[in-house]
Structure formats: C-alpha cells, structure tokens
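Let's look at how the ligand is held in this one, and then at a couple of backbone oddities elsewhere in the chain. Have the viewer ready.

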Amino acid sequence: MLNLEELTVYINGRFVPGNQATISVFDRGLLFGDAVFEGIREYSGRVFKLDEHVDRLYDSARIISLTIPLSKEEMKQAILETLRRNRLQDAHMRPIVTRGVGALGVGPGRDVNPTVIIFAHPWKPFLGDQGIALKTAAVRRTPPECIDSRVKHTGYLNNILAKLEADAAGANEALLLDVHGFVTEGPGENFLLIRGGAMVSPTTTNILNGITRRTVMELARQAGLRTEERNLTLGDVYTADEALVCGTGAEIVPVVRVDGRPIGSGEAGPVTRSLMTAFRQLVQQEGTPVY
Ligand code: PXG
C-alpha cells in the first residue's frame with residue numbers, strides 16, 4: 001500500500017512532507033467543490049502531454065472565473081519539481097487549484113486566495129488491460145447547460161455514484177448517458193466505439209475533451225480509420241464491432257460487455273489491441289523530460 005505520508009507535496013509554493021500537507025477546513029474546494037484539477041502521467045521520466053494538460057487546467061480555471069496565481073510556465077516547473085522531489089520515473093500527477101479560503105457562503109467574495117496543490121505518486125492503470133464490462137448508470141452526466149463540459153472540476157459526485165452502481169452490478173466500470181439518453185463517457189474515462197472502419201466518439205459538448213481520447217483518435221487515423229463525432233445511442237454501442245474506454249489514469253481498456261451484452265466478438269478486438277500497442281510505444285517516445 002502506498003504510504004501517502006512519505007510523499008512530498010507542493011502547496012502554495014512550498015514542498016512539504018505528506019503528513020504535513022494540509023489545507024484549511026474553510027477552503028472552498030472542500031466546502032463547495034470550488035476547484036479545478038488535472039490528472040497527468042509520467043512514463044519513464046517523461047511527462048506525457050504536459051502542455052495540453054496545463055492548457056486545459058488554465059481553461060477550466062478561466063471558465064469558472066478563477067485566476068491561477070502562477071504562470072503556465074511556473075505551473076509546469078512546479079509539476080516537474082514535484083516529480084523530482086519524489087524521485088519518480090513512472091507516476092501520476094494531480095495539480096488542483098481551489099478558490100481557497102474566502103467567504104463562507106456560496107459567493108466567494110472579493111478576497112480570494114487560491115490554493116494550489118500538486119501531488120505525484122506511483123501509478124498502475126486502474127482498470128487493467130484485459131477486457132472490461134460496463135454498466136449503464138441510472139445517474140446521468142452533468143449536462144453542458146449546467147456546467148460547460150470543458151471544465152475539469154472537482155464536483156465528481158454523479159460520476160462516483162455511477163461507479164458505485166457499476167460496482168453493485170458486478171461490472172468493472174460505469175457508462176454515463178446524458179439527460180437525453182445519449183452515451184457520454186465513463187466516470188474517469190472517455191468512451192469510443194469502432195464500427196466498419198470508423199472510430200466514433202460522442203460529441204465534445206457532452207464529454208470531457210480527453211487528452212488520451214484525442215491521442216487515440218489520432219492513432220486511429222494513422223491506422224487508416226475514419227474518425228467522427230456524433231450522438232451515440234445505446235443501440236450504437238450494442239451493435240459496435242469494438243469499444244474501448246481511455247483516459248490518463250486508465251490508458252486504453254477494451255470494453256467487451258455493456259449491460260451484460262457482448263460487444264462484437266465479446267473479446268478485446270484487433271483494432272483496440274493494435275491501438276493499445278501504438279499508445280504504449282508513443283508514451284515511451286514523447287513527453288517532457290523530467291530529469
Ligand atoms: N472523462 C472524464 C469524466 C474524466 O474524468 C477523462 C474523461 C479522460 O480524460 P484524459 O484527458 O485524462 O484523457 C477523465 C479523466 C486521474 C483522473 O487520476 C482522471 C480523471 C478523473 C479523476 C482522476 O487520472 N479524469
């Protein structure tokens with residue numbers, strides 16, 4: 001078991017031991033989920049898609065009207081330094097920016113002092129690389145009418161409830177629909193399907209525009225597939241040749257069952273397998289060197 005207390009954590013410009021890495025109980029990140037974050041991966045001493053993740057973090061902050069008190073360059077250096085201080089080669093990083101301690105009511109007031117936290121720890125993809133079973137969750141994804149899908153904020157309660165539903169049903173992961181019944185994504189992964197030489201994704205208005213997803217779609221195009229984005233129904237899913245979920249923490253995972261129904265052959269498909277191989281090569285080849 002990972003001993004979190006042995007990690008060195010960045011908090012507001014300081015590096016502190018994990019057991020002293022504390023923030024105020026009055027922090028708005030805790031009180032209201034008033035915070036944005038990223039999940040980033042390091043492979044063999046290189047950070048994969050660092051610029052893309054930092055850009056998304058700053059976009060998330062901008063959309064929720066939160067000014068991050070560091071330049072993007074300073075944020076990148078803080079992330080890299082967190083890895084170095086922990087001597088990590090293969091790790092997961094989690095920068096989090098909250099609106100800090102402000103007013104105790106819903107309105108943040110004028111005196112806002114954002115809290116910036118970065119932790120990094122060793123990581124193994126949490127869904128493995130064998131085929132997994134998904135369960136459509138009763139709880140729905142937050143619609144873009146309520147909060148823009150571009151914002152990666154810490155309000156994950158419905159995703160957590162979806163995951164609990166999947167656990168209770170004996171499935172490996174949940175699949176969330178939007179409020180109209182179209183397929184969106186997993187609680188921490190994007191969903192893609194493959195049918196007849198095309199890779200199809202739900203539209204980005206309804207999902208997090210995942211960085212792994214964009215990479216997988218690019219690899220699919222390089223492998224000669226067409227890629228498209230459109231509304232997907234559960235019927236599209238049940239009749240797909242192959243399906244997969246992908247994300248920074250999950251990487252690429254074949255989906256072999258959805259709601260108890262086999263997808264395609266009911267085993268990890270050939271296109272997904274070759275994309276997994278291509279992805280593993282890519283993450284070892286590119287990325288920002290840490291050391
Ligand atoms: N959809 C949702 C809802 C997510 O939370 C993705 C898709 C995949 O996006 P990326 O850009 O990672 O390919 C996510 C990923 C983690 C972690 O520790 C990641 C997420 C959430 C919580 C933890 O990697 N989001």
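Start with the side chain of E185: one of its N or O atoms is 2.7 Å from a nitrogen atom of the ligand. Keep in mind that this is a predicted model. K152 does something similar, with a side-chain N or O atom 2.4 Å from a ligand nitrogen. At I211 the backbone steps in, as a polar backbone atom there is 2.7 Å from an oxygen atom of the ligand. Here are those contacts side by side:

| Residue | Protein atom | Ligand atom | Distance |
|---|---|---|---|
| K152 | side-chain N or O | nitrogen | 2.4 Å |
| E185 | side-chain N or O | nitrogen | 2.7 Å |
| I211 | polar backbone atom | oxygen | 2.7 Å |

How much of the ligand does the protein bury? On its own the ligand exposes 530 Å², and the protein buries 93% of that. As for where this happens, the ligand sits in the largest pocket. Two elements, β6 (91-98) and α5 (211-222), each give two or more residues to the surrounding shell.

That shell has 20 residues, and the ones that come nearest are H92, K152, Y156, T212 and T248. Sorted by character, the shell has 10 polar residues, 5 nonpolar and 5 charged. Why does the ligand lie between the two domains? Because domain 1 (4-121) and domain 2 (132-285) both give residues to its shell.

Now for the backbone. Most residues other than glycine have a negative phi. K49 isn't a glycine, yet its phi is positive, at about 55°. You'll find K49 in the loop between β5 (46-47) and α2 (50-63). S65, also not a glycine, has a positive phi near 60°. Its place is in the loop between α2 and α3 (72-85).

Technical notes: Residues numbered from 1 in each chain as written. Predicted model: local features only at pLDDT ≥ 70, side-chain atom pairs only at ≥ 80, totals over all residues. Heavy atoms only, no water. Near = heavy atom within 4 Å. Polar contact = N/O pair within 3.5 Å; in protein donor to acceptor, adjacent residues only side chain to side chain. Areas by Shrake-Rupley, 256 points an atom, 1.4 Å probe, with all protein chains shown as cover. 1 Å grid on protein atoms, 1.4 Å probe; cavity = no way out; pocket = protein on both sides within 12 Å on 5 of 7 lines; lining within 4 Å. Sits in = over half its atoms within 2 Å of the grid points. Helix = DSSP H or I, 4+ residues; strand = E, 2+ residues; numbered from the N terminus. Nonpolar A, V, L, I, M, F, W, Y, C, P; charged D, E, K, R; others polar. Domains from an automatic or database assignment.
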